[in-house]
Amino acid sequence: MTDAYASKYKRLRFDYPAPRVLRISMANGKMNSADSVMHAELGAIWRDVDADPEVSAAIITGTGANFSAGGDFEMVAGIIDDFETRARNWKEARDIVYNVINCSKPVISAIRGPAVGAGLVCGLLADVSIASRTARIIDGHTRLGVAAGDHAAIVWPLLCGLAKAKYYLLLCDPLSGEEAEKIGLISLAVEDSELDAKAVEIATRLAGGAQSAIRWTKYSLNNWLRQAGPTFDASLALEFLGFTGPEAKEGLASFREKRSPSFPPFSPL
């Protein structure tokens, strides 16, 4: 772990599994759920990777048996209850998406176990996304009672088509890594025992390739995502509007109480 990264980040761990390859591991002891500290760090890290002359490719993964289990309940409660917290998290959520897209270095994700929330944002926006066949990918926004905002609208329809995107984003059904590969949501699905080595292999190939050619190709391809920027901005605004309403309060309460939610049957919309 380099001192420069270690001194700045509290919820991310760093190592170099290969020359010029930086591996970023989410770590907080709670199934790598994103608390307020990690949420901010997942937005900031990509600018540092972009500016680091010693890094040519980055891997994003989770420590232990989990990628990331979604938003920490205390952070979600703060978003619901406090305007300043809500505004700060809106900006951080926007930064996570746009900073991954605009990072010039290729990003590879290695996903195992549950992948939800801010961690999933990085996992699916990675340039090459690799998951264990048994990984559990879930966009849980509507189950929480808010719109699917933090990355889904910008990338799911492009990856797996609008019909599949609507199915999984409206219903919050889980996807295994194997299923995610079949519908095109991720690049590759591999056996869990092969996941880390495969991520390092691909990152090493990218780090050893023609850097301007690779980075300019990424930049060009990501214009598909930049074109969807207004759609993403609207979805994120609607997600955070939802945090002010009764559905988010009931969704959070149901998670904490480990029961099915009982959302209001009618809406004025």
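**Briefing: strands, salt bridges and cores**

Arg 13 stands opposite Ser 25 in strand 2, and that pairing is a handy way into this predicted model. Strand 2 covers residues 21–26, and 5 of its 6 residues are buried, so the rest of the structure largely encloses it. From there, we'll go through the neighbouring strands, the nonpolar cores, helix 14 and the salt bridges.

**Strand 2 and its partners**

- On one side, strand 2 pairs with strand 1 (residues 12–18); the two run antiparallel and are joined by 5 bridges.
- The hairpin these two strands make has 2 residues between the strands, and Arg 20 takes a positive phi there, near 65 degrees.
- Strand 2 also pairs with strand 3 (residues 57–62), this time in parallel, through 6 bridges.
- Within that parallel pair, Arg 23 sits opposite Ile 59 of strand 3.
- To get from strand 2 to strand 3, the chain passes through helix 2 (residues 36–51), and the resulting β-α-β crossover is right-handed.

**Nonpolar cores**

- The largest nonpolar core holds 66 residues, and the ones touching the most other members are Ile 24, Trp 46, Val 49 and Trp 156.
- Helix 5 (residues 117–125) is the top contributor to this core, giving 6 residues.
- Which residues does Trp 46 contact, once its neighbours within four places in sequence are left aside? The answer is Ile 24, Ala 58, Ile 60, Ile 96, Asn 99, Val 100, Cys 103, Val 107 and Cys 122.
- There's another core apart from the largest one, with 16 residues, including Ile 59, Ala 110, Val 190 and Leu 206.
- Ile 59, then, turns up twice: as the residue opposite Arg 23 and as a member of the 16-residue core.

**Helix 14 and what comes after it**

- Helix 14 spans residues 246–256 and includes Glu 250.
- Its buried residues are Ala 248, Glu 250, Gly 251, Leu 252 and Ser 254.
- Those buried residues pack against helix 3 (73–81), helix 6 (141–144) and helix 13 (229–242).
- Glu 250 has a relative accessibility of 15%, so it falls below the 20% cut-off and counts as buried.
- Beyond its neighbours within four places in sequence, Glu 250 contacts a run of residues: Arg 259, Ser 260, Pro 261, Ser 262 and Phe 263.
- With Arg 259, Glu 250 makes a side-chain polar contact of 2.7 Å.
- As for Phe 263, it is 13 residues from Glu 250 along the chain, with 6.6 Å between the two C-alpha atoms.
- After helix 14 comes Lys 258, which has a positive phi, near 55 degrees.

**Salt bridges**

- The count of salt bridges comes to 13.
- One of them ties Asp 95 to Lys 91, with the closest N and O atoms 2.9 Å apart.
- Both partners are in helix 4 (residues 83–102), 4 residues apart, or about one turn of the helix.
- Residues three or four places apart on an α-helix point the same way, because the helix has 3.6 residues a turn.
- Buried or partly exposed: which is Asp 95? Asp 95 is buried, at 13% relative accessible area, whereas Lys 91 is partly exposed, at 39%.
- A second salt bridge, at 3.0 Å from N to O, joins the side chains of Glu 191 and Arg 133.
- This one links distant parts of the chain, as its partners are 58 residues apart: Glu 191 is in the loop between strand 10 (188–190) and helix 10 (195–207), and Arg 133 is in the loop between strand 7 (128–132) and strand 8 (136–137).
- Glu 191 is partly exposed, with 40% relative accessible area, and Arg 133 also counts as partly exposed, at 30%.
- Helix 10 contains a salt-bridged pair too: the side chains of Lys 198 and Glu 201 meet at 3.5 Å, N to O, and the two are 3 residues apart, so about one helical turn separates them.
- Lys 198 is partly exposed, with a relative accessible area of 25%, and so is Glu 201, with 36%.
- Finally, Arg 112, Asp 192 and Asp 196 form one network through salt bridges that share partners.

Technical notes
Residues are numbered from 1 along each chain as its sequence is written. This is a predicted model: local features need pLDDT of at least 70, side-chain atom pairs count only at pLDDT 80 or more; totals for chains, interfaces and linings use all residues. Side-chain values use heavy atoms; hydrogens and water are left out. Buried means under 20% relative accessible area, exposed over 50%, partly exposed in between (1.4 Å probe, protein chains only). Two strands pair if DSSP finds at least two bridges between them. A crossover is right-handed if, with the strands pointing away from the viewer, the path from the first strand over the helix to the second runs clockwise. Contact means heavy atoms within 4.5 Å. A polar contact is a pair of N or O atoms within 3.5 Å; within protein, one must be able to donate a hydrogen and the other to accept it, and residues adjacent in sequence count only if both atoms are side-chain atoms. A salt bridge is a side-chain nitrogen of Lys or Arg within 4 Å of a carboxyl oxygen of Asp or Glu. A nonpolar core is a set of buried Ala, Val, Leu, Ile, Met, Phe, Trp, Tyr and Cys residues joined through side-chain atoms within 4.5 Å.
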